[in-house]
Protein chains: 2
Amino acid sequence: MPSAATVLETKELKRMDAYWRAANYLSVGQIYLLDNPLLKQPLQLAHIKPRLLGHWGTTPGLNFIYVHMNRVIKQQALSMIFIAGPGHGGPAVVANTYLEGSYSELYSDISQDEEGMRRLFRQFSFPGGIPSHTAPETPGSIHEGGELGYALFHAYGAVFDNPELIACCVVGDGEAETGPLATSWHSNKFLNPRTDGAVLPILHLNGYKIASPAILARIGHTELESLLVGYGYKPHFVEGDKPEAMHRLMAATVDIVIAEIREIQRKARHGGDSRRPLWPMIVLRSPKGWTGPKEVDGKKTEDYWRSHQVPFSDMDKPEHLSLLEEWMRSYRPDELFDANGRLDPELAALAPTFNHRMGANLHANGGVLLRDLRLPDFRNYAVAVPAPGATLAESTRAMGVFLRDVMQKNQDNFRVFGPDETASNRLGALFEVTDRTWVAERFDYDDHLAVDGRVMEILSEHACQGWLEGYLLTGRHGLFSCYEAFIHIVDSMFNQHAKWLKVCGEIPWRRPIASLNILLTSHVWRQDNNGFSHQDPGFIDHVVNKKADIIRVYLPPDANTLLVVTDQCLKSRNLVNIIVAGKQPAHQWLNMDAAINHASAGIGLWEWACNDQSGEPDIVLAAAGDVPTLEMLAAIDILHQLTPELKIRFINLVDLMTLQPQEEHPHGLSSDEFDSLFTTDKPIIFAYHGYPWLIHRLTYRRTNHGNLHVRGYKEEGTTTTPFDMVVLNTLDRFHLVMDVANRVPKLQPQAAHIKQRMRDKLNQHTQYIHEHGEDMPEIRNWTWPYQEANT
Amino acid sequence: MPSAATVLETKELKRMDAYWRAANYLSVGQIYLLDNPLLKQPLQLAHIKPRLLGHWGTTPGLNFIYVHMNRVIKQQALSMIFIAGPGHGGPAVVANTYLEGSYSELYSDISQDEEGMRRLFRQFSFPGGIPSHTAPETPGSIHEGGELGYALFHAYGAVFDNPELIACCVVGDGEAETGPLATSWHSNKFLNPRTDGAVLPILHLNGYKIASPAILARIGHTELESLLVGYGYKPHFVEGDKPEAMHRLMAATVDIVIAEIREIQRKARHGGDSRRPLWPMIVLRSPKGWTGPKEVDGKKTEDYWRSHQVPFSDMDKPEHLSLLEEWMRSYRPDELFDANGRLDPELAALAPTFNHRMGANLHANGGVLLRDLRLPDFRNYAVAVPAPGATLAESTRAMGVFLRDVMQKNQDNFRVFGPDETASNRLGALFEVTDRTWVAERFDYDDHLAVDGRVMEILSEHACQGWLEGYLLTGRHGLFSCYEAFIHIVDSMFNQHAKWLKVCGEIPWRRPIASLNILLTSHVWRQDNNGFSHQDPGFIDHVVNKKADIIRVYLPPDANTLLVVTDQCLKSRNLVNIIVAGKQPAHQWLNMDAAINHASAGIGLWEWACNDQSGEPDIVLAAAGDVPTLEMLAAIDILHQLTPELKIRFINLVDLMTLQPQEEHPHGLSSDEFDSLFTTDKPIIFAYHGYPWLIHRLTYRRTNHGNLHVRGYKEEGTTTTPFDMVVLNTLDRFHLVMDVANRVPKLQPQAAHIKQRMRDKLNQHTQYIHEHGEDMPEIRNWTWPYQEANT
């Protein structure tokens with residue numbers, strides 16, 4: 001145990017304690033008070049908020065940590081950000097940024113005087129004011145902590161490629177029970193001490209969650225220490241409830257851990273040590289609701305679950321009013337603030353200055369630091385498409401070559417994330433210029449593993465998403481590639497990020513950041529190796545529930561459109577871009593010029609697949625997604641053969657949001673545009689990549705919606721052939737032809753005949769695959785046969 | 001290190017090795033062969049499947065474990081189930097259940113002879129055959145493992161209240177990186193050794209995932225051991241690659257761990273020891289693709305990522321064909337099977353018999369063991385509702401009292417799960433008859449914590465969902481209560497369970513199990529303490545993408561309808577039931593008789609809120625959900641006052657699925673029923689709990705859809721008052737009245753006036769809350785004022 005006396009003089013320690021009291025005072029004030037901020041008058045019911053909302057339990061611990069970080073930041077001129085895992089302890093971070101001045105600089109109404117303090121108190125959890133969490137409104141925050149589990153991921157994401165940054169990351173013992181947090185400790189196997197910054201995790205054991213104890217607070221010291229050592233850390237324990245002793249111990253411990261971090265960095269940066277270091281961390285065990293009322297109405301409150309939110313309400317009880325006044329006065333506000341509400345200058349001097357203040361660290365408003373990516377010209381990566389369908393290519397492989405050069409040009413600013421599927425998803429070209437990040441044990445036969453690798457693979461979608469969020473929020477760029485079905489694992493993380501972006505858009509000082517780009521491949525239609533469990537195209541449905549300003553969904557039908565879309569996504573800001581693209585060898589339809597035109601419009605006719613040029617179509621056929629496009633074109637081929645007189649219009653859709661009304665989404669087509677494409681009265685058959693009803697949900701206000709018939713994935717699947725998958729879901733060419741036969745009036749005389757031929761084909765298919773285990777040659781070998789006629 | 005010689009005679013060990021070779025042989029056969037199962041002829045290309053699909057890498061390890069479990073099951077007459085975390089190693093479990101005979105008993109075509117073996121091989125990953133994973137089709141499986149992370153949760157869920165059961169749970173080192181798995185080790189703090197069974201985790205380190213190494217295989221022995229000790233286990237290491245030594249070591253270790261489990265259970269059951277034991281576990285470190293080709297085309301394959309799926313394909317290369325034959329013959333099939341393909345009787349005798357076989361353990365087909373819940377009469381829990389709106393109650397509190405008595409009557413068969421929110425969600429009555437399950441440290445001031453508690457709280461939605469799934473799949477009952485927004489954390493787990501249920505419905509021998517019941521409370525409209533991050537009603541949208549046969553969504557508007565729905569859900573089978581209900585004091589509308597009629601129909605008129613009895617309505621107003629119902633009724637009140645002549649029909653909806661066409665969902669209304677409720681031509685305003693477009697997606701085929709206007713949550717929110725939340729999303733009474741004024745032709749003369757009055761009200765509201773911080777008294781105190789007229 002370090003001798004704290006050597007670290008901190010009693011005088012400084014007393015000042016720090018006073019600063020902590022000031023933060024606690026301001027925290028309680030935010031939760032309870034409407035007025036009378038300095039308690040100049042005896043407290044009355046009229047000074048109390050009518051609705052008491054907030055979380056006290058974690059707040060004094062956060063305040064304690066903040067004060068101690070301030071000391072070491074100032075002393076050593078550190079660059080540090082504060083990530084409050086228990087972000088619901090919002091009053092703490094607001095109080096501290098107010099004390100250090102960064103709050104008032106952004107919100108001039110909330111000035112550092114009595115009136116400002118009154119407003120500070122009033123606005124908290126109050127209509128028209130600020131949320132109760134460390135939300136986007138909170139200076140210095142990149143992490144709301146509303147949904148628990150992602151604090152450490154965000155912290156690690158923030159420090160990758162930020163060698164001078166330290167992320168002080170408080171992990172609540174409640175959050176520590178979540179799955180994502182439990183695996184996020186292993187992020188230290190991906191941190192390069194030479195070129196990345198450091199994370200200082202502080203596991204805050206305050207014993208209770210909302211009502212139950214926390215697991216890590218109840219497994220004993222030995223087991224807990226063993227767990228943290230097993231996670232690869234060197235834990236330092238700060239435990240107790242006596243403020244003075246705790247200040248001494250914490251200060252000494254903070255000095256030690258910062259010294260350990262610097263020594264690790266020195267060895268790696270100047271000593272050539274490439275072994276994985278044991279990073280220090282702190283376990284802070286302090287009472288829940290520390291310094292709050294020990295008992296309320298005779299019931300244990302401090303160090304107990306009753307402190308979790310507001311420790312007592314029913315403020316019309318006089319004894320509660322007195323209890324509150326007593327509690328607030330226990331912080332001795334008149335020693336802390338002058339009559340005008342200004343913090344004692346000796347205390348104010350404890351805070352760091354300028355951008356060293358954690359509320360003003362530029363990394364926490366990443367857009368300020370954002371540099372554009374250096375992008376090669378995506379046209380140079382075009383797949384040659386001499387005629388529609390003339391070539392086969394793996395679309396994501398072309399994208400991988402483009403990404404390789406993006407990586408090459410942005411070695412400190414761009415990372416690619418994925419759950420061990422970068423090569424499997426055909427993005428392997430990346431490994432020509434970088435490796436997989438890996439700081440754990442390495443063997444000479446390992447494949448592209450390196451301490452300074454920039455492709456981050458871990459079998460945890462939570463980790464990929466969380467790291468990338470942290471990386472983007474601090475002003476960098478990236479891409480997450482994922483199996484389509486398993487992106488649902490991060491549905492809720494996506495929600496939180498989309499909400500964060502939405503609110504940031506309403507806050508003038510929050511600068512735009514790079515978009516969150518998600519490539520969904522290994523999609524529903526090609527799960528040959530796996531089957532039903534790997535088939536779910538519903539992430540799109542989930543995404544479109546969020547604000548239209550924030551979300552984009554692209555379904556490029558081939559490699560060149562995928563390249564255009566990728567370039568567009570990498571240049572965009574403040575969005576979540578979802579790109580769905582296959583990785584299997586597939587037909588290529590558009591050359592680069594055509595792809596640019598098509599992807600820029602987002603939706604359009606493919607003239608070479610239409611034969612309605614001379615007038616109105618009999619039917620509109622539309623497709624979105626690579627497999628539906630293939631099946632629809634194959635259906636058109638069959639229709640040309642069976643009923644050459646049928647006038648067909650073919651529409652391909654890349655940008656799903658074009659379907660929505662213009663009023664609903666910035667990419668939405670106007671009514672006129674939509675009607676001129678889809679007609680106002682002709683039957684429409686739409687072959688869609690995902691759940692068919694999503695197309696209805698996007699188009700129900702369109703004129704011709706009544707004639708729209710959609711095919712898509714309807715939750716049928718198993719381990720079978722690629723074509724059988726579309727057959728099981730009636731998205732195949734034969735069913736599409738039957739749909740046309742059913743819907744075009746002028747085909748009625750032939751309809752029965754056409755449908756019988758299609759049923760025969762389907763029977764032939766079923767028989768063939770059961771016998772041979774693969775699709776019929778006419779399916780496997782089909783391609784668009786009208787190339788010469790059209791080119 | 002135990003002396004293995006003492007455990008196992010060489011002769012028995014050789015037999016076990018032969019059995020293992022047989023399982024490996026059958027596994028390779030499944031992946032590669034169409035024919036020639038016993039290799040009676042030299043291998044030819046015609047014997048090989050055209051598409052090679054499957055995962056070899058994990059398979060020999062699973063086979064190894066299975067053989068060793070068989071030995072100890074047989075020796076000690078254990079009841080054990082096998083949970084293959086790496087469920088994609090399906091060939092292993094299929095091979096073993098085939099060898100032990102349980103497979104052929106369920107699938108008589110796959111007989112234990114040469115022809116059966118040919119079919120066994122052919123069907124694997126083949127159209128019309130079986131999936132490549134340990135899917136519902138696999139005897140003895142309750143866990144597909146398609147999505148990784150939930151193996152240990154399922155294992156623990158299975159053994160709760162099953163004191164004699166042991167779940168042998170293989171955790172792959174890939175899966176071990178996921179968040180859910182990383183926290184699932186802590187399940188041992190919730191296992192009561194007196195009345196629960198045991199889980200034997202086997203962490204299988206085979207070093208590589210698809211392409212990268214696995215973290216836990218690369219942190220060194222000391223750190224790994226420390227981690228597992230920190231998780232509260234006593235790890236036993238079995239490491240190596242020499243089969244004979246490994247068999248000896250594994251057998252000795254298995255004997256030790258089973259003895260340790262029995263000793264723990266003895267102490268708890270007969271020695272009165274209630275401390276948390278350190279449960280044993282095994283770390284098996286063996287090569288990936290063990291016994292497979294060491295190299296293919298000169299490249300390292302065994303013990304490397306190249307073994308992950310099919311180690312080599314391109315079977316038209318003669319050297320690959322030879323390599324496969326050589327590999328398969330290395331298992332010496334002629335020593336294992338006779339000319340008819342029957343396993344050597346000495347080897348067959350190694351397997352357990354009857355229901356001791358892991359493929360025939362009844363717990364893995366839980367419906368066989370399912371007993372109905374003993375349910376009290378839910379009518380006895382009715383909230384008194386003398387007239388609509390006359391009383392306030394917390395709906396979930398009434399449900400809690402009912403659940404208390406369900407718990408009381410089913411103390412070995414029913415559990416309630418939730419992330420630390422049981423009391424907060426007003427289900428606290430449960431604690432009158434049971435406690436929170438807690439086997440970690442306890443203090444005397446703790447609140448309802450007990451080793452034998454039956455309410456399972458952990459701050460991990462993954463744990464709640466995973467444990468409950470395991471509990472249900474083994475034939476018991478339960479309920480998961482969750483904050484509405486954070487149920488998205490388990491979106492993907494829900495997918496997997498819904499898919500599992502869908503497939504089980506198509507397998508005759510899978511018997512129905514109790515439904516998965518999820519109560520969503522602390523819903524989007526009442527997040528007073530938190531705000532935007534806690535607002536997301538989109539789980540419903542996610543759920544309705546799954547098969548209609550499987551899913552039900554209920555939005556009871558008050559306590560009595562909630563009671564009816566709860567009773568219905570607890571009695572149902574093979575479904576996922578989603579119930580959305582508020583926990584805040586709210587208006588009560590229906591007495592129990594009315595509630596039974598209403599909830600049974602799922603949708604209906606509330607006569608007392610209609611005034612169109614004498615003819616056609618001018619407008620149809622509909623509501624689904626407690627808050628929308630309140631706002632719509634308040635809107636009707638305003639309309640009655642402003643335009644008493646307006647004929648209003650009010651429809652309330654409990655069962656969301658009634659909206660879908662009858663052809664799409666078994667609960668769907670027929671067209672006639674729908675049209676008679678909603679009319680075919682009158683304007684409809686629908687106030688919906690969630691994202692409004694979902695109502696369009698469910699009704700776009702209905703006659704009157706063109707006149708349907710839906711209000712709901714449109715992703716606006718912050719920390720504000722309850723009424724302001726509905727205002728922000730234009731779901732409030734004032735906006736609803738404006739919607740009516742806009743849409744009813746006969747109101748046009750007054751419309752401008754009505755709308756101005758409503759805008760005034762909204763301004764008044766905004767001003768009031770910004771001044772007072774709470775809703776206007778006229779909002780807070782409003783209730784349905786026509787009680788006397790109607791009762």
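This passage describes the overall dimensions of chain A and a set of local features in chains A and B of a predicted model.

Chain A contains 26 helices and 22 strands. For its 791 residues, a compact globule would be expected to have a radius of gyration near 28 Å, and the value for chain A, 30 Å, agrees with this. The C-alpha trace of chain A extends over about 95 × 65 × 45 Å along its principal axes. Buried residues make up 71% of the 791 residues of chain A. When contacts in chain A between residues at least 6 apart in sequence are considered, 77% of them join residues at least 24 apart. The accessible surface of chain A amounts to about 23,700 Å², and carbon and sulfur atoms account for 49% of that area. Chain A carries 75 positive and 95 negative side chains, with the centres of the two sets 4 Å apart.

Helix α3 of chain A covers residues 90-100, and 11 of its 11 residues are buried, so the helix is largely enclosed by the rest of the structure. The buried set includes Gly90(A) and Pro91(A) at one end and Leu99(A) and Glu100(A) at the other. Polar side chains are also part of this set, among them Asn96(A), Thr97(A) and Tyr98(A). The elements against which the buried residues of α3(A) pack are α1 (10-32), α2 (59-76), β1 (79-84), α4 (102-106) and α5 (114-123) of chain A. Gly101(A), just after α3(A), adopts a positive phi of about 95°.

Glu100(A) is also one of the contacts of Met358(A), counted without neighbours within four places in sequence. Met358(A) is located in the loop between α12 (345-348) and β8 (391-394) of chain A. With a relative accessible area of 1%, Met358(A) is buried. Its other contacts under the same exclusion are Tyr66(A), Met69(A), Asn70(A), Ile73(A), Met80(A), Ile81(A), Phe82(A) and Gly140(A). Between Met358(A) and Gln750(A), which are 392 residues apart along the chain, the C-alpha separation is 74 Å.

The loop between α12 and β8 of chain A also holds Ala382(A). In this case the relative accessibility is 34%, and Ala382(A) counts as partly exposed. Ala382(A) and Asn560(A) are 178 residues apart along the chain, and their C-alpha atoms are separated by 5.8 Å. Once neighbours within four places in sequence are set aside, Ala382(A) is in contact with Asn560(A), Leu563(A) and Met592(A).

Positive phi values in residues other than glycine occur at Thr730(A), where phi is near 50°, and at Asp161(B), where phi is near 60°. Thr730(A) belongs to the loop between α22 (722-728) and α23 (733-743) of chain A. Its relative accessible area is 11%, and Thr730(A) is therefore buried. Asp161(B) is situated in the loop between α6 (151-159) and β2 (165-172) of chain B. Asp161(B) likewise counts as buried, at 13% relative accessibility.

In chain B, strand β20 spans residues 648-653, and because 6 of its 6 residues are buried, the strand is largely enclosed by the rest of the structure. Ile648(B), Phe650(B) and Asn652(B) point one way from β20(B), while Arg649(B), Ile651(B) and Leu653(B) point the other way, and all are buried. Two pairings of this strand were identified. Strand β18 (residues 603-605) of chain B pairs with β20(B) in the antiparallel sense over 3 bridges. Strand β19 (residues 619-624) of chain B pairs with β20(B) in the parallel sense over 6 bridges. Ile651(B) takes part in both: it is the bridge partner of Leu605(B), and Ala622(B) stands opposite Ile651(B).

Helix α20 of chain B, residues 671-678, contains Phe674(B). Phe674(B) has a relative accessibility of 4% and counts as buried. Apart from neighbours within four places in sequence, its contacts are Leu659(B), Leu669(B), Thr679(B), Thr699(B) and Arg702(B). Phe674(B) and Gln662(B) are separated by 12 residues in sequence and by 10 Å in space, C-alpha to C-alpha.

Note on methods: Residues numbered from 1 in each chain as written. Chains lettered and ligands numbered in written order. Predicted model: local features only at pLDDT ≥ 70, side-chain atom pairs only at ≥ 80, totals over all residues. Heavy atoms only, no water. Helix = DSSP H or I, 4+ residues; strand = E, 2+ residues; numbered from the N terminus. Rg over C-alpha atoms; globule rule 2.2 N^0.38 Å. Buried < 20%, exposed > 50% of the residue type's maximum accessible area, 1.4 Å probe, protein only. Contact = heavy atoms within 4.5 Å. Areas by Shrake-Rupley, 256 points an atom, 1.4 Å probe, with all protein chains shown as cover. Lys, Arg positive; Asp, Glu negative; His and termini not counted. Charge placed at Lys NZ, Arg CZ, Asp CG, Glu CD. Pairing = 2+ DSSP bridges.
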